[in-house]
Every structure is written in structure tokens, then in C-alpha cells.
Amino acid sequence: MRALFIIQGEGRGHMTQALALSQKLTEAGHEVTSMIIGTNKRREVPAYFKQKSDTKVHSVVSPNFFYDKGKKSINLWKTGLVNTLNIPQFFSQLSKINRIVKSDQPDVIINFYDILAGMYFGIYKPKVKRICIGHQYLAEDSSFPFAEGSPLQKRCFLLTNKLTSLNTHKKIALSFRNIKPDSETLTIAPPLLREEIFKLTPGKGDFILAYVVNPGYAYDLMEWHKQNKKIRLHCFWDNLAQKDEWSPWKNITFHHINDQKFLSFMKDCLGYVSTAGFESICEAMYLGKPVMMVPVEKQYEQACNALDAVKAGAGIANHQFVLDPFLKHLSTNKAASTDFRQWMNLNKTIILEALEEPISPIRTKTFNFFPTIPRLFSISTHN
């Protein structure tokens, strides 16, 4: 089987999933012909991704999020407006994707939650198997815990799920928990974690590890630490304006993003504090590290992730980077459950079977992108 990947480049989770699946496919005797990754002026293809990928890597300009001035929460209106104005540019990128597909002639195209890939599936209807992978698709199952909050945010989340999976044959929802799916078109599978995780032996250090994507949250963490300077804290962030291993005062150190270094701290930390992304929470769970999650403001998906992870026994959720509740949780936390590791052991079997099984034809009509948007905003879902 020849597989081509299209990957959302916002954050690092989808790229990590793509690298993990590429390795599993190669070990099973399949081939990954190319990886197409979404980029923009604010984000480029990370060096580590190019180094670890064993195949061709192409970049395309794709939709992305815009944040408020404090670099904490997503600005929904700016995100929607700018991406709408850039639709002509996005359509030109679809032609580039189509040229790569025609050149590679894959048997399956796997979309790691990229809207541009969904548009490509919907408009070009490539005559190959089309699969979408992401934790977000678990929202189609009745077990998924929807967060309270803005109805607009929820609809934007569900709209994104629809746009990324237009005209797809199957969706694979990555899950914290072993769940039997409601739908025949949905496969629920364990997370796709990088191979390095499975080689680590967890230790018991004397520090808390933190990871913050948005610099605004790092300064919140610093404000808390000013009053709690006895707590050892290591934080990874994407802020090149400060030098690596910057310590504004004793017992708090900020590190530039480095995959191997991050894992070495993860395996030895007392607990892990982060926004509520999916991938690193799963890594902490596999290593038996308690977690405190602070969902990014106005990012509805993360609010749902936090509820789901708490339900799976990962740890606790909080609305700000104040660690007092987490310290209390660490002092009362019992031994980590082995349920997650047992679930992870089923990973290769479930995903490979879903990718290799025959597909049924999809009944499609002529696709019109623009009328699709208002129709999707009227979709109804379970509460």
C-alpha cells in the first residue's frame, strides 16, 4: 500500500502522529510516498520533522489560528476573517496538492486534520481511499464530553471537523480511552505516540514540568512562581526572544523546544502542566505522570480534551496556570492505572486494520464549498 499524508502544521501533535504512523506503516511493509504539511508566515515546517521523516516533505499554505494581543486566547473573528480572505490562495494550493497526488499515485491519502486536505477531498474527489485521523473526530461518538461555553465555539469546532473530513471514506478517532464506536464509519483507536516514548523508564524527580505554546501563559506561570519559589519548575516554550535555559530567578528554568530534551524531563518529572492539547497529555499518561490541563482560552476543542482526559484518569483541569490545586493532587495521587498502557498495546492492530480494509463507495454530489459553510452551522449534535 502506498500512502500519502496531508498534515495540519498548527501545533506539533499532528506532525508527531504522522511520524509515528509512518513508522508503523513502513514496519508493516507499506510505503509513505510524501508528506504534505500546512504552513503560513507564522509557522514553518520544523527542522526535527524534516530530519525524522524518511520521505519527501512538501509545504502548502493553509488556514491557521490568530491569537489576541496577550497571546493567550484565539481571536475567532480575526481567524475567520483572515482565512476567508485567503480562500483564493488556498484554492491555488489545492492544485499543488493535486500535482503531488498525480505524481505519487498513492493508494490511500491520510489527512491529519488539515482543512485544505478536506477541501481537496471535497472538490477534486481523488479516486483513491481517503482516511482522516484525529482525536477531534471522537466528537461524533456519544461518549464524547462536550464542554459548556459559547455555542459559537462549539459550532466552529464541529464545522472544522466537517471541513477536514469532506468526502472521506473513514475517520479514525484517537482516544484516551477504549470505547466501542457508535458509527460504522468511525474507528476509535489508541493515540499515535512517537517510538521514543516506549523506550523510556519513568523516574521520580523533584520538579514539575510545564509546556506552554502561547508565551502569555508562561508569564502567568512566572507570576505564580514568584510566590512559590521553593517549587522546582522546568518549562518548555516556543519563545526564541529569550535565550535557552533562561532562569529569571532560582528554581524556574525556561527551555527552547527540543524533542529529546523534553522527553528526558517528562520521564523524570513529578507531574506535567500544560494546555489541553492531546499528544503530550497521552505521553504523560503512558509514563504514569499526573497532569494538570489549562485549556487555551476560546479554544473549545481543548476544553473538551480536558474533560475527556480527566474522565480517563489523566489528572485535573484548571482555568489558569496556578499550581496550588495540582500540588494538592500530587500529594494525594495514587499509583497510575495500567489501563492506558493496555489500550496503547492495541494501537498497531486497530489502525492498520482500519487502513487496510476495503472501502465502500461514497455517494457524492457536485461540491460547492461556499454554501456548505452555512449548512454546517445548522448541524445538530448530542449534548
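Which residues point one way from β5, and which the other way? To find out, open this predicted model and follow the stops below.

**Stop 1: strand β5**

Select residues 129-133, which form strand β5. Lys129, Ile131 and Ile133 point one way from the strand, whereas Arg130 and Cys132 point the other way; all are buried. The strand as a whole is mostly covered, with 5 of its 5 residues buried.

**Stop 2: Ile133**

Next, select Ile133, which lies in β5. Is this residue buried or exposed? Its relative accessibility is 0%, and because buried means under 20%, Ile133 counts as buried. Now display its surroundings. Apart from neighbours within four places in sequence, Ile133 is in contact with Gln17, Leu21, Ile110, Asn111, Phe112, Tyr113, Ile172, Leu174 and Leu192. Add Ser165 to the selection: this residue is 32 residues from Ile133 along the chain, and the C-alpha atoms of the two are separated by 9.1 Å.

**Stop 3: from β5 to β4 and β1**

Select β4, residues 108-112. β4 pairs with β5 in the parallel sense over 4 bridges. Within this pairing, Asn111 stands opposite Cys132 in β5. Then add strand β1, residues 2-7, which pairs with β4 in the parallel sense over 5 bridges. Here Asn111 in β4 appears again, with Ile6 standing opposite.

**Stop 4: the whole sheet**

Widen the view to the sheet. In what order do its strands run? The 7 strands of this open sheet follow the order β3-β2-β1-β4-β5-β6-β7, and their pairing is parallel. The edge strands are β3 (56-61) and β7 (186-189), each of which pairs on one side only. On average, and ignoring direction, neighbouring strands are turned by 20° against each other.

Select helix α5, residues 115-124, which packs on the sheet. The helix touches β1, β3, β4 and β5, and its direction makes about 145° with that of β4.

**Stop 5: helices α9 and α10**

Finally, select α9 (residues 259-268) and α10 (residues 279-286). Two packed helices are described by the angle and the distance between their axes. For this pair, the axes come within 9 Å and cross at roughly 45°; the two helices are therefore oblique to each other. The crossing of α9 past α10 is right-handed. Show the side chains of the contact: Phe262, Leu263 and Met266 come from α9, and Ser280, Glu283 and Ala284 from α10. These residues divide into 4 nonpolar, 1 polar and 1 charged.

Technical notes
Residues are numbered from 1 along each chain as its sequence is written. This is a predicted model: local features need pLDDT of at least 70, side-chain atom pairs count only at pLDDT 80 or more; totals for chains, interfaces and linings use all residues. Side-chain values use heavy atoms; hydrogens and water are left out. Buried means under 20% relative accessible area, exposed over 50%, partly exposed in between (1.4 Å probe, protein chains only). Contact means heavy atoms within 4.5 Å. Axes are lines fitted to C-alpha atoms, for helices over the stretch in contact, and angles run from 0 to 180 degrees between N-to-C directions. Angles under 35 degrees count as roughly parallel, over 145 as roughly antiparallel, 65 to 115 as roughly perpendicular and the rest as oblique. A crossing is left-handed if the near helix is turned anticlockwise from the far one by less than a right angle, and right-handed if clockwise. Ala, Val, Leu, Ile, Met, Phe, Trp, Tyr, Cys and Pro count as nonpolar, Asp, Glu, Lys and Arg as charged, and the others, Gly among them, as polar. Two strands pair if DSSP finds at least two bridges between them.
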